[in-house]
Amino acid sequence: MIRTMVVDDDALVRLGLVDLLSQDPALTVVAEAADGLQAVELARHRRIDVALMDIRMPRLDGIAATRRLRELPDGPRVIALTTFDLDEYVYQALAAGADGFLLKDTPPADIARAVHVVAAGQGMLHPAAARRLIDRYHRAGTPRAVAARGRLTGLTPRETDVLRELALGLSNAEIAGVLGMRESTVKAHVSRILTALGVGNRVQVALLARDAGVVDDPA
């Protein structure tokens, strides 16, 4: 019997997923959580094989929760299950340790099948997510991408965080809000990034970041 947990802040979605999984005689739902923090706490005290994890949730989102679950001794495998097929969600979920990425429009039978596949130690990706990974792989090997990544190696991890938000078009104030920093600190980071990369403005930084694959080209 595969022991599952459903994690979603929408009670109706949780109910629907629990009902779906309960129809498979080889699956049992042993826990439900309304956010990532609750999911991690539940996983500390009971054995769970696979967690179906929403991404956008209060208190602790699905990406951070996935990372914490995978750090637990015998933590559950995770399938990210979200409405949004944004590139960054796909990459961040997989980087955090997720073994699967599905969209909520996935047919019910395929969601149940994904739980079986992931519980067996394999991976499962929605076709749209797989396409994005393939496109990213193809872009990553071009000389332009390699050169761009080389120029970013001198940045600190925090400067790279700022660079990512800057490349998405955020203002200094918005970056400060996202990263929990003072706006003056963001301004100083941006200044150092411009100097380190040898570019003259934020647009050039954004283009370089996209070439390096730090953020993706708009769909």
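Two residues are in contact when heavy atoms of theirs lie within 4.5 Å. By that definition, the buried residues of helix 2 pack against strand 1, strand 2 and helix 3. The model described here is predicted. Its secondary structure comes to eleven helices and six strands. This briefing covers the overall figures, the nonpolar cores, helix 2 and the salt bridges.

**Overall figures**

- The protein has 219 residues, and 44% of them count as buried.
- The C-alpha trace spans about 60 × 35 × 30 Å along its principal axes.
- About 11,100 Å² of the protein is exposed, and carbon and sulfur atoms supply 54% of that area.
- Among contacts with a separation of 6 or more, 61% are between residues 24 or more positions apart.

**Nonpolar cores**

- The largest nonpolar core has 30 residues, and those with the most contacts inside it are M5, V7, M53, L69 and F101.
- Five strands and three helices give two or more residues each to this core: strand 1 (2–7), strand 2 (27–33), strand 3 (50–53), strand 4 (77–82) and strand 5 (100–103), together with helix 2 (36–45), helix 3 (62–71) and helix 4 (87–96).
- Helix 4 gives the most to this core, with five residues.
- Apart from this core lies another, of 25 residues, which includes I175, I193, A209 and V214.
- Leaving out residues up to four places away in sequence, M53 touches V7, G62, A65, T66, L69, V78, I79, A80 and L81.

**Helix 2**

- The buried residues of helix 2 are G36, A39, V40, L42 and A43.
- These residues lie on the same side of helix 2 because they cover an arc of only 165° around the axis.
- The face turned away from the buried side of helix 2 carries the exposed residues R44 and H45.
- At the start of helix 2, a side-chain oxygen of D35 comes to within 3.0 Å of the backbone nitrogen of L37.

**Salt bridges in the whole structure**

- A search of the whole structure finds eleven salt bridges.
- One of them joins D54 and K104, with the closest N and O atoms 3.4 Å apart.
- This pair links distant parts of the chain, 50 residues apart: D54 is in the loop between strand 3 and helix 3, and K104 is in the loop between strand 5 and helix 5 (108–119).
- D54 has a relative accessible area of 6%, so D54 is buried.
- K104 has a relative accessible area of 29%, so K104 is partly exposed.
- E159 forms a salt bridge with R192, and the closest N and O atoms are 3.3 Å apart.
- The pair of E159 and R192 also links distant parts of the chain, 33 residues apart, with E159 in helix 8 (residues 157–167) and R192 in helix 10 (residues 183–197).
- E159 counts as buried because its relative accessibility is 8%, whereas R192 is partly exposed, with a relative accessible area of 41%.

**A salt bridge within helix 8**

- R164 forms a salt bridge with D161, with the closest N and O atoms 3.5 Å apart.
- Both R164 and D161 lie in helix 8, three residues apart, which is about one turn of the helix.
- R164 counts as partly exposed at 25% relative accessibility, and D161 is partly exposed with a relative accessible area of 24%.

**The network of D8, D54 and K104**

- Salt bridges that share partners join D8, D54 and K104 into one network.
- D8 is found in the loop between strand 1 and helix 1 (11–22).
- D8 counts as buried because its relative accessibility is 2%, and the cut-off for buried is under 20%.
- The side chain of D8 makes a polar contact with the side chain of K104, at 2.8 Å.
- Not counting neighbours within four places in sequence, D8 is in contact with V13, R14, A33, A34, D54, M57 and K104.

Definitions and conventions: Residues numbered from 1 in each chain as written. Predicted model: local features only at pLDDT ≥ 70, side-chain atom pairs only at ≥ 80, totals over all residues. Heavy atoms only, no water. Core = buried A, V, L, I, M, F, W, Y, C linked by side-chain atoms within 4.5 Å. Buried < 20%, exposed > 50% of the residue type's maximum accessible area, 1.4 Å probe, protein only. Helix = DSSP H or I, 4+ residues; strand = E, 2+ residues; numbered from the N terminus. Salt bridge = Lys/Arg side-chain N within 4 Å of Asp/Glu carboxyl O. Polar contact = N/O pair within 3.5 Å; in protein donor to acceptor, adjacent residues only side chain to side chain. Arc of directions from axis to C-beta. Areas by Shrake-Rupley, 256 points an atom, 1.4 Å probe, with all protein chains shown as cover.
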